[in-house]
Amino acid sequence: MKSKKYYKIPSTDYPNHGHSSIVKEIRYDDDTNTLYVDFHNGNKYEYFDVPNHVADEAFIADSVGKYLIANVFKKYSENKI
């Protein structure tokens, strides 16, 4: 997988952003437009056909979890991995 973006929560690049009580880390694959989400509880999901700007916005959101709930979960096809 060629991954353009790799975001580990919390981010040291943006100390006021990227904290989440539910999301451990997110990764985005530019080639396939797939967003990978790892949760603190150990679950891992991939979301398909997610636009690049959605992944970018998730990373800088004040609450990554709330952003994903409002803009990704239930809006894009998913697969538990």
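In this predicted model, a good place to start is F39, which is buried, with a relative accessible area of 12%. F39 sits in strand β3, and its ring has aromatic company. The rings of F39 and Y45 have centres 6.0 Å apart, with their planes at 85 degrees, so this pair is edge-to-face. An angle over 60 degrees is what earns that name. Y45 also counts as buried, at 19% relative accessibility, because the cut-off for burial is under 20%.

A second partner of F39 is F73. Here the ring centres are again 6.0 Å apart, but the planes stand at 50 degrees, so the pair is tilted. This pair links distant parts of the chain: F39 belongs to β3, whereas F73 lies in the loop between α2 and β5 (78–80), 34 residues away. F73 counts as buried too, with a relative accessibility of 16%. Both descriptions rest on a simple idea: a pair of aromatic rings is described by the distance of the centres and the angle of the planes. In total, four aromatic pairs are counted, and F39, Y45, Y47 and F73 form one aromatic cluster.

Attention now turns to helix α2, which spans residues 64–71. Which residues of α2 are buried? They are V64, G65, Y67 and L68. Seen down the axis of α2, these buried residues fall within an arc of 165 degrees, so they line one face of the helix. A helpful rule for picturing this is that an α-helix has 3.6 residues a turn, so residues three or four places apart point the same way. The face of α2 turned away from the buried side carries K66 and I69, both of them exposed. What covers the buried residues of α2? The cover includes β2 (23–29), β3 (34–39) and α1 (52–60). Strand β3, the home of F39, is thus also part of the cover over α2.

The last of these neighbours, α1, can be followed further. The axes of α1 and α2 come within 8 Å and cross at roughly 150 degrees. That angle makes α1 roughly antiparallel to α2, because angles over 145 degrees count that way. The crossing of the two helices, α1 and α2, is right-handed. Where they meet, α1 contributes V54, E57 and A58, while α2 contributes V64, Y67, L68 and N71. Among these α2 residues, V64, Y67 and L68 have already appeared as buried.

How values were computed. Residues are numbered from 1 along each chain as its sequence is written. This is a predicted model: local features need pLDDT of at least 70, side-chain atom pairs count only at pLDDT 80 or more; totals for chains, interfaces and linings use all residues. Side-chain values use heavy atoms; hydrogens and water are left out. Buried means under 20% relative accessible area, exposed over 50%, partly exposed in between (1.4 Å probe, protein chains only). Helices (H or I, at least four residues) and strands (E, at least two) are DSSP runs, numbered from the N terminus. The arc is that of the directions from the helix axis to the C-beta atoms. Contact means heavy atoms within 4.5 Å. Rings of Phe, Tyr and Trp (its six-membered ring) pair if their centres lie within 6.5 Å; planes under 30 degrees apart count as stacked, over 60 as edge-to-face and the rest as tilted. Axes are lines fitted to C-alpha atoms, for helices over the stretch in contact, and angles run from 0 to 180 degrees between N-to-C directions. Angles under 35 degrees count as roughly parallel, over 145 as roughly antiparallel, 65 to 115 as roughly perpendicular and the rest as oblique. A crossing is left-handed if the near helix is turned anticlockwise from the far one by less than a right angle, and right-handed if clockwise.
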